[in-house]
Amino acid sequence: MTNPKIALVGSPNCGKSSLFNTLTGSRQKVANYPGVTVEKRSGTYTADTGETVTLVDLPGIYSLKDRTLDEKVSRQVITGTHATEARPDLLLCVADSTNLRVHLRLLLELKHLGLPVILALNMHDMAERDGIEIDPEILSRELGIPVVTTIAVRKSSLNDLKKEIQTIIRDLPEARDAIDAPATRDLQKQARNLADQAVIKEGEHHKVTRRLDNIFLHPILGFVIFFAILFVMFQSVFAWAEAPMELIDGAFGSLQGLLVDILPDNWFRSLLTDGIIAGVGSVVVFLPQILILFTFILILEATGYMARAAFIMDRLMAKVGLNGRAFIPLLSSFACAIPGIMATRTIEHHRDRITTIMIAPLMTCSARLPVYTLIIAAFIPNDKVFYGLFGLQGVVFFGLYLAGIISALIVAAILKLTLTKGVPQPFLMELPKYQLPVLKHLLINLWERAKAFLRRAGTIILYSAIGLWALAQYPKKPIGGTDPDIYYSFAGILGRYLQKVFEPLGFNWEMSIALIPGMAAREVAVGALGTVYALQGDEEQIEQGLHTVLQNSWSLPTALAFLTWYIFAPQCFATLATARRETNSWGWTAFLTGYLFTLAYVAAMIVNKTAIYLMA
């Protein structure tokens with residue numbers, strides 16, 4: 001056959017493109033398929049017989065299910081239904097030898113097409129390094145196709161592959177008709193069975209990974225372990241952070257006292273002690289808790305467990321019309337909703353991506369941590385529960401995170417039944433190996449998180465504290481006024497106006513003031529509360545800490561309503577701006593803002609009224 005055409009097909013990261021580069025050398029062209037952004041790479045090499053063989057490097061895909069644009073283009077090319085690309089004569093399927101169970105699934109789909117197929121077990125050197133031994137003859141016998149081992153970056157290792165290609169193309173027919181791609185079932189199970197037969201020796205590392213996955217990915221036990229890890233993580237945030245938080249709080253208190261002693265009683269001293277230190281210090285004190293939370297998250301990512309969490313949640317996500325891939329951005333949103341929303345770019349289906357963006361702000365980001373811990377420390381006693389094993393504060397903290405997750409799933413289910421209705425997409429993802437985290441990398445990442453938090457404290461929170469202090473200075477208290485000076489200021493006037501809106505929730509005017517700067521960044525609300533109560537002049541209470549002030553100023557129903565508000569209310573303006581950019585729609589952004597505010601208002605009101613009724 002003259003000028004035979006071969007399509008290289010394989011999953012992402014299998015070394016397919018490296019194999020293409022080694023075979024074609026400099027004789028390759030790169031363009032885009034007409035009308036789409038999918039890259040088209042083609043090239044040629046000269047066979048031993050002198051024939052020119054054309055190679056087409058198709059996009060890396062896990063299946064031919066048309067879930068993504070890459071899969072759609074690949075399917076069209078392979079079946080001969082593409083508008084500008086003729087059907088290939090031969091399929092060269094490239095598989096990663098170190099992860100055969102995952103990569104054989106695509107091969108089984110290709111085999112059902114009826115085209116000639118060659119399987120290249122690539123990264124053979126990596127498999128040998130890991131102690132993995134594969135018998136290509138078993139695979140060839142079971143599949144009924146040629147199977148060769150390759151090392152894509154070594155030209156000398158491709159001789160057997162070239163011989164098999166030459167043998168097949170010698171007897172190929174000239175016609176290139178379109179073919180159908182029949183539906184197949186249970187391919188993953190078949191792939192596992194084939195791999196079990198062909199892998200005659202499994203590397204110790206892979207054996208340990210598989211055994212651990214039998215535990216961590218168990219349908220029931222894996223789910224229990226996942227939530228147990230989350231529970232321990234939130235318990236630790238309270239239990240381990242208490243001592244360093246008291247140290248930081250004491251340092252800011254001492255600094256306040258020192259400035260009061262050495263500076264005259266004027267506006268400058270008030271700005272430093274009641275504005276900057278009270279505002280910024282009220283937030284910085286929560287740095288230990290944030291670092292503990294990020295330590296857990298970074299360790300879970302570094303060990304490879306975080307990817308497993310997506311698979312664990314896939315079954316639950318499927319019940320609300322999404323899949324496990326949507327849970328990865330949601331996990332990222334525990335740190336911050338902005339990178340979480342940006343991470344939805346990995347979700348192939350547009351409607352699933354929109355749904356995930358709409359629920360990402362319901363995940364409890366680290367900026368909410370200061371608000372949660374302040375209110376919990378002030379109103380929830382740290383009594384031992386569950387036979388003395390856990391502290392009540394940690395249980396409540398876990399409950400707040402769980403409330404966000406459950407709410408997100410409910411909202412997702414509603415959206416998938418209405419505005420973003422669509423066919424559920426299957427979930428395929430390659431799992432990384434288990435490994436121990438590198439201490440150096442962990443410390444560097446923690447330092448970056450600490451810098452980011454302190455940078456916010458030194459900019460957004462600082463500016464908000466100064467601005468709020470300035471609004472609290474004028475107008476001055478009128479003669480005969482009985483309330484604190486701030487009550488008559490611009491800040492107090494704004495707070496009393498907003499209190500009319502939030503009165504059904506049980507919020508006072510001080511809380512209403514804090515909600516406004518809290519839209520710039522969630523943790524700013526704590527700093528705003530610190531500034532507002534510091535300006536009311538009760539030095540004895542302020543020295544004892546903001547949580548003591550709140551205990552004497554708020555009722556329990558009010559505190560619970562405030563916590564509920566922060567579970568649901570829209571996060572910072574930057575989050576909304578990111579949602580606007582990622583959805584490219586003002587309509588979806590308005591919907592996101594509107595439904596979150598409505599949910600926060602209604603839920604906080606219900607919690608407040610219910611708590612009042614139960615305490616009556």
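Colleague: Are K16 and D57 buried or exposed?
Modeller: This is a predicted model, in which local features need pLDDT of at least 70, side-chain atom pairs count only at pLDDT 80 or more, and totals for chains, interfaces and linings use all residues. Residues are numbered from 1 along each chain as its sequence is written, and side-chain values use heavy atoms, with hydrogens and water left out. Buried means under 20% relative accessible area, exposed over 50%, and partly exposed in between (1.4 Å probe, protein chains only). By that criterion, K16 and D57 are both buried.

Colleague: In which helix and which strand do the salt-bridge partners K16 and D57 lie?
Modeller: A salt bridge (a side-chain nitrogen of Lys or Arg within 4 Å of a carboxyl oxygen of Asp or Glu) joins the side chains of K16 and D57, at 2.6 Å from N to O. The pair connects distant parts of the chain, 41 residues apart: K16 is in helix α1 (residues 16–24), and D57 is in strand β4 (residues 52–57).

Colleague: Why does K416 count as buried?
Modeller: K416 forms a salt bridge with D352, their closest N and O atoms lying 2.6 Å apart. D352 counts as buried because its relative accessibility is 3%. K416 likewise counts as buried because its relative accessibility is 6%.

Colleague: Which residues are joined into one network by salt bridges that share partners?
Modeller: The search of the whole structure finds 9 salt bridges. Those that share partners form one network, made up of K16, R41 and D57.

Colleague: What is the N to O distance between R308 and D213?
Modeller: Both R308 and D213 are buried. Their side chains meet in a salt bridge with an N to O distance of 2.9 Å.

Terms used. Helices (H or I, at least four residues) and strands (E, at least two) are DSSP runs, numbered from the N terminus.
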